[in-house]
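Student: I should like to examine one part of this protein closely, and then to see how that part relates to the rest of the fold.

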Amino acid sequence: MTEVQNREQIEKQLFELPIVQYAWLPVQEIQFSDRVRSICREECPRYGKSWSCPPGVGTVESCQKRCMEYDGAFVFTTIAEVNDASNMEETLATRGAHEAVTCQIQEIFSRYGQKTLAMSGESCSICENCAYPDAPCRFPEKMIPCIEGFGIIVPLLAEKAGIEFDNGGNTVTWFGMVLFTNLP
């Protein structure tokens with residue numbers, strides 16, 4: 001199959017998932033910044049507690065280098081309705097469905113022999129207690145790191161992809177991305 005045929009086959013499978021918006025981008029369109037890490041450091045309770053978050057994922061430069069090993073990015077969103085978007089507990093409770101979709105998308109790409117790297121809007125939650133920093137990750141092949149933890153500027157990524165960053169009201173917009181090698 002050609003790359004176009006493979007992309008068409010992948011898209012047919014993706015249409016079955018609750019993806020709201022998506023775009024295909026070359027990895028060179030992804031913008032990185034150390035500033036994103038200040039949010040992680042200052043506001044995220046997972047900072048320094050997970051292999052999927054800084055500093056466990058490495059420097060922004062090393063994350064960027066890792067991303068540039070891929071040819072393309074499939075950027076997507078899912079949404080969830082909540083009663084109160086300012087209620088972080090309620091908002092985070094919707095995360096599981098998005099993480100499941102992220103895993104399904106990665107699996108679809110993998111079926112086509114793709115080397116992939118999936119990222120999502122939060123840190124990995126496979127293990128109740130991450131082994132970081134005392135031992136290596138227990139499931140490195142399943143770990144889905146946080147997009148922002150890699151230093152990726154999600155609002156600019158959304159703009160480049162033509163995807164709504166905020167769907168307003170009491171809607172939670174979850175971003176995900178699967179990096180892939182060229183489709184054979």
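Student: Which are the buried residues of helix 3 (residues 60-67)?

Tutor: A word on the basis comes first. The model is predicted, so to speak of local features requires pLDDT of at least 70, and side-chain atom pairs count only at pLDDT 80 or more, whereas totals for chains, interfaces and linings use all residues. Residues are numbered from 1 along each chain as its sequence is written, and side-chain values use heavy atoms, with hydrogens and water left out.

The buried residues of helix 3 are Val-60, Cys-63 and Cys-67; buried means under 20% relative accessible area, with a 1.4 Å probe and protein chains only. Helices (H or I, at least four residues) and strands (E, at least two) are DSSP runs, numbered from the N terminus. The three buried residues cover an arc of only 60 degrees around the axis, which puts them on the same side of helix 3; the arc is that of the directions from the helix axis to the C-beta atoms. Their cover includes helix 2 (35-43), strand 3 and strand 4, where contact means heavy atoms within 4.5 Å.

Strand 3 and strand 4 lead to the sheet. Its four strands form an open sheet in the order 1-2-4-3, with antiparallel pairing; two strands pair if DSSP finds at least two bridges between them. Strand 1 (21-26) and strand 3 (116-119) stand at the edges with a single partner strand each, so one side of each is left without a neighbour in the sheet. Neighbouring strands are turned by 20 degrees against each other on average, direction ignored; axes are lines fitted to C-alpha atoms, for helices over the stretch in contact, and angles run from 0 to 180 degrees between N-to-C directions. Between strand 3 and strand 4 (residues 171-180), the antiparallel pairing extends over four bridges, and Met-119 stands opposite Met-177 in strand 4.

Helix 5 (residues 95-111) packs on this sheet, touching strand 1, strand 2 (72-81), strand 3 and strand 4, and its direction makes about 20 degrees with that of strand 4. Helix 6 (residues 154-161) lies across strand 1, strand 2 and strand 4, and runs at about 95 degrees to strand 1.

In the protein chain as a whole there are six helices and four strands, in the sequence pattern α-β-α-α-β-α-α-β-α-β. Buried residues make up 46% of its 184 residues. Among contacts between residues at least 6 apart in sequence, 78% join residues at least 24 apart.

Key
Buried < 20%, exposed > 50% of the residue type's maximum accessible area, 1.4 Å probe, protein only.
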